[in-house]
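Trainee: I've just opened this model and I'd like to get my bearings. Can we walk through it together?

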Amino acid sequence: MAITGSCLCGTLRYEVDAPVASMMNCHCSRCRKMHGAPFATFATTTADGLRWISGKEAVVSYAVSPGGPRHFCGKCGSIAPSTLPEHNLSFIAAGTLDGDPGLGPQSHLFAGSKAAWHEISDELPQHVAYPPEFNASGLPDLTRNASDGRLHGSCLCGEVAYALVNPIAMFQCHCSRCRKARSAAHGANLFCRIDDFQWERGEELLRDYKVPEAKFYAIAFCGQCGASVPRVSKERGMVVVPVSSLDTDPGMRPMAHIFVGSKAPWFEITDELPQYPEGPPSFTAPPR
């Protein structure tokens, strides 16, 4: 049976009508920047197993060097599927899947580059870079550090940058909107007050998308590279920061998994953090 997938805004729609051959979690610094999540999860199928239903013309590409191009929806920033005909492979950001592919993650790639604030708690095989069967060398990590006492962050291309102080809370969010927006197993969001946040450059590149039926839910991304970036929510007086857009260790760790009632069917939570079906009672979660 075919599995469908879509971006957050619904512009991109696709169908997978061949079996999903593999699924892997990638912790490389570029994937973390692009998705704003602790790791990206990619499902693979054959080149002809992926069929576009609509929106292919809305896909924007950004050439990463070193590395291959990244593709995203120009309207909402969700990661778009890509195909390598020469290898008979299609790569799908698993967070954009609408159904259960019948397969979960099988290993961790680039575990040597994982985020300092994220713990790998499952028993899946871990590879420092690519698995041996890939016969490929690893990519150097992105290094963008600052030492002025503030937390600094940036997009994948580096054209958008920001700084903040006094983070309030950090949660791993499994709501369907965060999964689509980050195109990952779940999002990881840090919250701070607007007065504690400052754009350093690149505001003209910001793109904003609000889910029409949501009271507040909206995301921001870099229009050049598609990477997830903070979204200033003036109506709530706070900034929602995708934690993996940070260039420095936030100095805090996730407090809980939230909205686990909407968790991806293919992902298993294996750490010991508290889990809440919706928002945690100790934090006034933004209405979805």
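Trainee: Which strands and helix each supply at least two residues to the lining of the largest pocket?

Mentor: Those are strand E3 (22-26), helix H1 (29-35), strand E4 (40-45), strand E7 (69-73), strand E8 (82-84) and strand E9 (89-93). Helices (H or I, at least four residues) and strands (E, at least two) are DSSP runs, numbered from the N terminus.

Trainee: Before we go on, what sort of model is it?

Mentor: It's a predicted model, where local features need pLDDT of at least 70 and side-chain atom pairs count only at pLDDT 80 or more, while totals for chains, interfaces and linings use all residues. Residues are numbered from 1 along each chain as its sequence is written, and side-chain values use heavy atoms, with hydrogens and water left out.

Trainee: Okay, back to the pocket. Which residues lie nearest its centre?

Mentor: Phe-42, Gly-68, Leu-84, Phe-91 and Tyr-130, out of 34 that line the largest pocket. On a 1 Å grid over the protein atoms alone, a pocket is an open set of points with protein on both sides within 12 Å along at least five of seven lines, and a cavity is a set where a 1.4 Å probe fits but cannot get out; lining residues have an atom within 4 Å of a point.

Trainee: And what volume does the largest pocket have?

Mentor: About 980 Å³. That volume is the space filled by probe spheres set on the grid points, which are joined across faces, edges and corners.

Trainee: How does the lining of the largest pocket divide into nonpolar, polar and charged?

Mentor: You get 21 nonpolar, 10 polar and 3 charged residues. Here Ala, Val, Leu, Ile, Met, Phe, Trp, Tyr, Cys and Pro count as nonpolar, Asp, Glu, Lys and Arg as charged, and the others, Gly among them, as polar.

Trainee: What about the second largest pocket?

Mentor: That one has a volume of about 340 Å³. It is lined by 20 residues, with Arg-32, Leu-142, Leu-246, Asp-247 and Thr-248 closest to its centre. The second lining splits into 7 nonpolar, 6 polar and 7 charged residues.

Trainee: How many cavities are there of 30 Å³ or more?

Mentor: The count comes to 2. The second largest cavity holds about 60 Å³ of space, and its lining includes Met-34, Cys-76, Arg-182 and Phe-221.

Trainee: Which element gives the most to that cavity's lining?

Mentor: E17, with 3 residues. Strand E17 covers 218-222, and H2 also supplies at least two residues of the lining.

Trainee: Switching topic: which residues touch the most other members of the largest nonpolar core?

Mentor: Leu-8, Cys-155, Leu-164, Leu-190, Tyr-217 and Cys-225, in a core of 65 residues. A separate core has 17 residues, including Ala-43 and Leu-97. A nonpolar core is a set of buried Ala, Val, Leu, Ile, Met, Phe, Trp, Tyr and Cys residues joined through side-chain atoms within 4.5 Å. Buried means under 20% relative accessible area, exposed over 50%, and partly exposed in between (1.4 Å probe, protein chains only).

Trainee: What is Leu-190 in contact with?

Mentor: Leaving out neighbours within four places in sequence, Leu-190 contacts residues including Leu-164, Pro-167, Met-170, Val-241 and Met-252. Contact means heavy atoms within 4.5 Å.

Trainee: Now Phe-110: buried or exposed?

Mentor: Phe-110 counts as buried because its relative accessibility is 4%. The residue sits in the loop between strand E10 (107-109) and strand E11 (151-154), and has a positive phi of about 55 degrees although it is not a glycine.

Trainee: And where does Asn-88 lie?

Mentor: In the loop between E8 and E9. Asn-88 also has a positive phi, about 55 degrees, without being a glycine. Its relative accessible area is 42%, so Asn-88 is partly exposed.

Trainee: One more residue. What does Trp-52 touch?

Mentor: Beyond residues up to four places away in sequence, Trp-52 touches Leu-12, Arg-13, Tyr-14, Val-59, Ala-80 and Pro-81. Trp-52 is in strand E5 (residues 50-54), and counts as partly exposed because its relative accessibility is 21%.

Trainee: Zooming out, how many helices and strands are in the protein chain?

Mentor: There are 2 helices and 21 strands. Buried residues make up 56% of the 288 in the chain.

Trainee: Why does the radius of gyration agree with a compact globule?

Mentor: The chain has 18 Å, and a compact globule of 288 residues would be near 19 Å, so the two agree. The radius is taken over C-alpha atoms, and the globule rule is 2.2 Å times the number of residues to the power 0.38.
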